[in-house]
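These notebook entries record what I looked up in one structure. I set them down in the order in which I made the searches.

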Amino acid sequence: MADSETLNPKIDPEDQPSSNVNDNGLHEPDPEEPDDDEFEEDEEDDDEEPPPSKEQQLRSARAKTEGLVQRMMKEPVDIRVHDVLIKGNTKTKEYLIEAELEGIKKATTMQELLEASTLANAKLKELEIFDSVRITLDAGPPELPGTANVIVEVAETESVITGEMGCYTKPAARSWTLESSLKLKNIFGYGDLWDCSVAYGPNQTSELSTGVVLPRFKGFVNPLKARAFLLSQDWLEFSSYKERMAGLSLTLFSTRHHDMVYNLGWRTLTDQSQMASKSIRRQLGHGLLSSLKYTFTLDRRNSQLRPTRGYSFVSSTHVGGLAPDSRSVRFLRQELDFRYAVPLGFYNAALNFGVSGGVIFPWGNGFLNKPTSLPERFFLGGDFSPLCTLGGPSTVWGFKTRGIGPTEPRRHVRDNSNYENSESSGYDFVGGDLAVSAFADISFDLPLRWLRERGVHGHVFAGTGNVAKLSENEFKKFSFQRFMESFRSSVGAGIVIPTKIFRLECNYYYILKQFEHDGGKAGFRFSISAPSSS
C-alpha cells in the first residue's frame, strides 16, 4: 500500500491547459461552446451515467497495483502505520497477538511492511491456536497521506483437543522412540498449550510426561515451557543397569538458535541381575540431577531426513551439580556437531558428511580422581542413521547400541558345587569421556519413476568413531596417536524409504575395523531413524 493519493489518483480539470488562447494570451470563447442552459443539461446527463462495471474496477485496481509494484522495485516507498485492528479473537488475549505484530508497527517503508506482515502471519500460525490468519493492508485516513491501516483477522481453532503421533530420536535415550500425545489448546486464552505424552522405544525405554507452553505470558519476551516427566530405561543387556528418573524440566528461554533448559530430577540406577561390572556397581543407587544446558543450533539444510544442500552446526554445553546436596551429580559436558550437504548434479545425488565430538569431566574437590556420571557418558552405536541424529556423537553404522568403547567384565557366575567351573557372564559397555565420530553418505535417486515420486532412494555410506576414558587420572595415559589408530569403521549401501514421521532403511553393513568386545556385525538389517527431538 502507498498513500491515499497513490491508491486513488485524481486529476483536477482546472489544471488542464486551455486550447482556445489567442495571440495576446486571452481566452476566447469557443464558437461551439454551449450556453449555460445546455451545459447544465449536460451536467445532469453526466450525473446519470452508470457506475463503472466490475471489470473496469478490476482493471483500474490492477493498474494501480502494477504502478505501485513498479515503484517499489525502483525505490523504497515511504509509509507509516496509522492503526492496527485485530478481529476475531473471542478468547485469545489481545496482547498475545499484538506481541507478534511489533515488526508491523515499526515499518517505515512499504517493503518493510510487506515483509513484516508475512513474518507476523507465520508467527501467529506457529502458535497453533488459530485455524486461519489473514492480514490486510488498507489506505490510512485521507487527511493523513502516506499512512496505512493494518487489519488482522484471526479464526480461533475449533479443535481444542488434538492428538499427535510421531517417531523421534531422543538424545537422552540415545535411540529412537515412538511418541503419542494429547494436546489441549488455548484453554485460558494465553495461547497455552497443554499436553500429555507417552513415548516408547527399544531397550524398554518408556517415558510419561506432561507439560505446558506459554508463548508470551504477561511481560515475558520468550516462551515459558515447563514439563514434568517419568523416565525409565533398561540397559541391562549392554551395561547391566536400569535407570529411572522423575523430574521437572524448565525452559528458561528458547529462540530460533538458542535454548537454555534447567533440569531437576531424582535418578535411581539399579542392577536386578546382580551381574554388573565393578565400575557399574560403584554408580548404582540414588542421585540428584540439577543441571543447566545451553544449546546453539544453526541448521541451514533443506531437509532433515534427506539433505541435498546446506549445512548445520550445533554446540551444546551441559553443567550438572547446581544443587548443594552431596548426592548431586557434578559434571561438565561439551558437544559439537557439524554437517554439510553438497549436491552432485546428477540423479538428485548429494554428498552428506559430518563430524561430531564430545568431552565430559567431573568437577568438585578431587575431581581428577573421580569417575564421571554413568548416564552422562558417551556411548557410540545403534541401528539408526547419523543423518538424523544432530547434536553430538551417538552412532556408527553397523554397530549395535553401545557397541563401541571401553568394556569391563561382568561378575563371574560360580557353580556352588564346583568353584573351578567359573565363567565370565560377558562384558559391560561402560562408555567414555571423550567421543569422536564422522560419516559420509551419498544419496541418489533410483531409476524407477514410481520410486522417485515417493521419495524412495538409494545411498552408500561410511562411518567411523571412537570413545576413550579420561577421568580417574586416565587422561595422563591418553595418547592421541593410539586414539586415532583405534577408530572403528564400517561401510555399506542400502535403500531408504522416507515416511511422514520417520526414515526406514534397509542396509547392508560391512565392518572394516573393530576390536574384540565391540558390537559390530556385518549383514543386512532394517533400521528406523527420525529427526532429533530434545
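**Entry 1: two backbone angles**

I located Gln-274 in the loop between strand S10 (258-270) and helix H8 (278-281). The model I am reading is a predicted one. I looked up phi of Gln-274 and found a value near 60 degrees, which is positive in a residue other than glycine. I then checked the accessibility of Gln-274: at 49% it counts as partly exposed, because the exposed class begins over 50%.

I noted a second residue of this kind, Ser-240, whose phi is also near 60 degrees and positive, although the residue is not glycine. I placed Ser-240 in the loop between helix H7 (236-239) and strand S9 (242-254). Is Ser-240 buried or exposed? I found a relative accessible area of 1%, so Ser-240 is buried.

**Entry 2: the chain as a whole**

I counted 10 helices and 23 strands in the chain. I recorded a length of 534 residues, of which 43% are buried. For the surface I noted about 29,600 Å² exposed by the chain, with 56% of that supplied by carbon and sulfur atoms. I also looked at contacts with a separation of 6 or more, and 58% of them join residues 24 or more positions apart.

**Entry 3: cysteines**

How many disulfides does a search of the whole structure find? I obtained 0. For reference, I wrote down that a disulfide is a covalent bond between the sulfur atoms of two cysteines. I looked up the accessibility of two cysteines. Cys-196 has 40% relative accessibility and therefore counts as partly exposed. Cys-506 has 30% relative accessibility and is likewise partly exposed.

**Entry 4: cavities**

I searched for enclosed spaces and found 3 cavities of 30 Å³ or more. The largest cavity has a volume of about 100 Å³. I listed 17 residues in its lining, and those nearest the centre are Ser-356, Pro-386, Thr-395, Ser-437 and Phe-439. The elements that give two or more residues to this lining are strand S14 (350-361), strand S19 (434-445) and strand S20 (457-468). Sorted by class, the lining of the largest cavity holds 7 nonpolar, 9 polar and 1 charged residues.

**Entry 5: a residue of strand S20**

I next looked up Ala-462, which is placed in strand S20. Ala-462 has a relative accessible area of 30% and is therefore partly exposed. Which residues does Ala-462 touch, not counting those up to four places away in sequence? I listed Trp-397, Ala-438, Phe-439, Ala-440, Ser-490 and Val-491. Phe-439 had already appeared in my notes among the residues nearest the centre of the largest cavity. I also took the separation of the C-alpha atoms of Ala-462 and Leu-512, which is 9.7 Å for residues 50 apart along the chain.

**Entry 6: the second largest pocket**

I turned last to an open space, the second largest pocket, with a volume of about 500 Å³. I found 24 residues in its lining, and Gln-283, Ser-328, Val-329, Pro-371 and Ser-373 lie nearest the centre. S10 and strand S11 (285-299) are the elements that give two or more residues to this lining. Which element gives the largest share of the lining of the second largest pocket? I found that S11 does, with 3 residues. By class, I noted 8 nonpolar, 9 polar and 7 charged residues in the lining of this pocket.

How values were computed: Residues are numbered from 1 along each chain as its sequence is written. This is a predicted model: local features need pLDDT of at least 70, side-chain atom pairs count only at pLDDT 80 or more; totals for chains, interfaces and linings use all residues. Side-chain values use heavy atoms; hydrogens and water are left out. On a 1 Å grid over the protein atoms alone, a cavity is a set of points where a 1.4 Å probe fits but cannot get out, and a pocket is an open set with protein on both sides within 12 Å along at least five of seven lines; lining residues have an atom within 4 Å of a point. Grid points are joined across faces, edges and corners, and a volume is the space filled by probe spheres set on the points. Helices (H or I, at least four residues) and strands (E, at least two) are DSSP runs, numbered from the N terminus. Ala, Val, Leu, Ile, Met, Phe, Trp, Tyr, Cys and Pro count as nonpolar, Asp, Glu, Lys and Arg as charged, and the others, Gly among them, as polar. Buried means under 20% relative accessible area, exposed over 50%, partly exposed in between (1.4 Å probe, protein chains only). A disulfide is a pair of cysteine sulfur atoms within 2.5 Å. Contact means heavy atoms within 4.5 Å. Accessible areas come from the Shrake-Rupley method with a 1.4 Å probe; for residues, only the protein chains shown count as cover.
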